[in-house]
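Please read this report alongside the sequence and the coordinates. It goes from the single chains to their contact.

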Amino acid sequence: MTRAKLEEALLPPIVALLIAILVGDILILSFGQSPAAVYELLISGTWGNAYGYGQVLYKTTVLTFTGLSVAMALRAGLFNIGAESQLAAGGFAAALLGLILPAGLPALLVLPLYIVVAGMAGAVVGGIPGALKAKFGAHEVITTIMLNFIVLALLNYLISTRFNVEDTLHTAEIRSGALSRLSDYIPSFHGSAANTVLLLALVIVALAWLFLFRTRCGFELRAVGLQPHAAEYGGIDVGGMWWRAMAISGGIAGIGGLNYVLGYKHYYEEGFGAGAGFLGIAVALVGRSHPVGVVMAAVLFATLSQGGLAVNALVPKQMVDVLQAVVIISMATAVPAVHRALLAGKRA
Amino acid sequence: MIFFAFLAQTIRIAIPYLFASAGGVVSERAGLIALTLEGYMLNAAFCAALGSYFGDSALVGIFAGIGGGVLTALLYGVCVIRYRANQVVVGIAINLLAIGLTRFFLRLTFDSSSNSPRIEGFTETGTGFAALVQNPLVWLGLLALAAVGWFLYRTPLGLRLRAVGEHPEAALSVGVPVQRVRWIAVALSGGLAGLGGAYLAFDQHQFTDSMTAGRGFIALAATIFGRWEPKLVAIACLLFAAAETLQIQLQSAQLVPAQFVEMIPYLLTIVALAGVVARAVPPAALGKVYE
């Protein structure tokens, strides 16, 4: 990587973080607290103890999936705003599979089945907007947003009337395939939700990297994202790539549902995604749509999410919601600004 | 009688949609994607509650609401007009920002994580239409899209705004200040959606956490389903509101689950965008970065 390329990749996230810290200072001061004390608590409450970083790792897992999902679509030049409902659909499908399977099957044996089912559910929800774009030119941003509402309403209907345990909004526990928590191997993680789906996330990240940068199909996907007309001229079926990329993107988000269903609660619950799909957009953006960058950005946003709970004693935890939004906005604004500034510098 | 009660409730539900989608039309016809309507409304609802609580007057509340909407829209403008940031990303983030900011300042000013104290808003007596006509915001809301239609098609600035949304380079070549027109459009859309937010806070006589509850996206759906034409958009708003009213009225009958009625605006929008017959075609330069 050349120096200019590195600057262009690293400057925007740094600028974004600095702006976020500045806004954070203002919010903290407006609440009459000391920024230093709050930030110290944010770090010590997340990375300062085993429970804290266990929770961060748990949140990192789901954000890695949703971030990678959004990044995969971005690489094809598409915006997937639907990761939230794709994640929920994947989790729901996995929970249903868990209710059908006979009890007592070994987890490793049924895991591939869960991955396929959750991935398929997400791929269907993601693939529809892709196909609508390829076939009718319907803008994927609008259709994925609309599908979020539709799919979440449908799941809400199913969970509140058909598949719930009475008086709750969750299904019964899955009968087999539950994965172990990290605390089973490292006792100091005790109580945190971090689980072995984290390893699955890292495997998928590696596969995504191989796919994007070492396969013909991945190359074509990136070509479509960079310059669809040129790609078409080069003999690539652009429309076909659009729906495939959206299906892959949705599939990755869908598999993310396993983090909750197989790794943590062992059932599907209304609203378990809790905005992870939307934060995936932030993760993909800050991670510059690169699989490795996505993991690092997922750690950052997971730390912020968990950090909000840690600082709640001093300032409202909603502060981190504001900071996350500020990071996205300043990142999105800094990327073209830095690009232009570097370009102008090169010309001068 | 039942019909009039139905109509009155439909209008009551439609007013925020009418305001916000009027903002949506102005924004999108100028080439700026209106994913931010939800955020404009939410910030505006909070500011309206704040204004009418501390200013002790509905009028202060309305202006505070407009101010909240415009300020939020100007932030969007700084990012996407001044710095040419991606409109989708910034739009989504502004909605997240509005949720976070209103929650934070709800804690800060009213020490509550759920709602503000009661605000007066407009005092209405009676029910149905009799109550509705006493609310000036209802009148404004019913006129909003008509005014936008007049503005877009009967004023020079409206013509320029449409040109900027269709073909900014061509507009520039005949001397239209593209960026300035977009600034006007974004501020106007923030103010209009802001009125919708103020209406919501007044209607419920308080601000509650995330009280817009997706209404900004229904307004966006109406904007698209109405093909960015003020008249059709108004019909779309009333249609979506009528569906909701019907669902509320028939709740006890349990004919159709509420969730399926909720889906209607979103399903119709997808159908309109993918329409085999008479597909909805957005303004040509919508969302494109203008150098």
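The text below covers confidence, chain folds, the contact, the core and a few single residues.

**Basis and confidence**

This is a predicted model; local features need pLDDT of at least 70, side-chain atom pairs count only at pLDDT 80 or more, and totals for chains, interfaces and linings use all residues. Residues are numbered from 1 along each chain as its sequence is written, and chains are lettered from A and ligands numbered from 1 in the order in which they are written. The predictor gives the complex an ipTM of 0.89 and a pTM of 0.90. Chain B has an average pLDDT of 89, and 97% of its residues score at least 70. Here pLDDT is the predictor's confidence in each residue, from 0 to 100.

**The two chains**

Chain A has 14 helices and 0 strands. Chain B has 12 helices and 0 strands. Helices (H or I, at least four residues) and strands (E, at least two) are DSSP runs, numbered from the N terminus.

The radius of gyration of chain A is 21 Å, close to the 20 Å that the globule rule gives for 348 residues, so chain A is as compact as a globular protein of that length. For the 291 residues of chain B, a compact globule would have a radius of gyration near 19 Å; chain B has 19 Å, which agrees. The radius is taken over C-alpha atoms, and the globule rule is 2.2 Å times the number of residues to the power 0.38.

The table sets out further values for each chain. A residue is buried if 20 or more other C-beta atoms lie within 10 Å of its own, exposed if 12 or fewer, and partly exposed in between; C-beta atoms are placed from the backbone. Two residues are in contact if their C-beta atoms, placed from the backbone, lie within 7 Å.

| Property | Chain A | Chain B |
|---|---|---|
| Span of the C-alpha trace along principal axes | Chain A: about 70 × 60 × 35 Å | Chain B: about 55 × 45 × 30 Å |
| Buried residues | Chain A: 57% of 348 residues | Chain B: 54% of 291 residues |
| Contacts with a separation of 6 or more that join residues 24 or more positions apart | Chain A: 79% | Chain B: 77% |

Helix 4 (residues 83-100) of chain A is mostly covered: 15 of its 18 residues are buried. At 1.5 Å a residue, this helix should span 26 Å, and its end C-alpha atoms are 26 Å apart, which agrees. The expected span is 1.5 Å times one less than the number of residues.

**Where the chains meet**

The contact takes 37 residues from chain A and 35 residues from chain B. On the side of chain A, the elements giving two or more residues are helix 1 (3-30), helix 5 (107-136), helix 6 (140-161), helix 12 (276-286) and helix 14 (318-347). Helix 14 of chain A gives the largest share, 13 residues. By type, this side of chain A divides into 29 nonpolar, 7 polar and 1 charged. Ala, Val, Leu, Ile, Met, Phe, Trp, Tyr, Cys and Pro count as nonpolar, Asp, Glu, Lys and Arg as charged, and the others, Gly among them, as polar.

A:Ala325 lies in helix 14 of chain A. It is buried, with 26 other C-beta atoms within 10 Å. Neighbours within four places in sequence aside, A:Ala325 is in contact with B:Ala93, B:Leu96, B:Leu97 and B:Gly100.

**The core**

Which residues have the most contacts inside the largest nonpolar core? They are A:Ala332, B:Ala45 and B:Ala93, in a core of 226 residues. The largest share of this core, 14 residues, comes from helix 4 (residues 87-110) of chain B. A nonpolar core is a set of buried Ala, Val, Leu, Ile, Met, Phe, Trp, Tyr and Cys residues joined through C-beta atoms within 7 Å.

Not counting residues up to four places away in sequence, A:Ala332 touches A:Leu285 in its own chain. Across the contact, A:Ala332 touches B:Cys79, B:Ala85, B:Asn86, B:Val89, B:Val90 and B:Ala93.

**Positive phi in chain B**

B:Arg84 is not a glycine, yet has a positive phi of about 55°. It is found in the loop between helix 3 (58-82) and helix 4 of chain B. With 17 C-beta neighbours inside 10 Å, B:Arg84 counts as partly exposed.

B:Trp228, also not a glycine, has a positive phi of about 65°. Its loop runs between helix 10 (215-225) and helix 11 (230-249) of chain B. B:Trp228 counts as buried, with 22 C-beta neighbours inside 10 Å.
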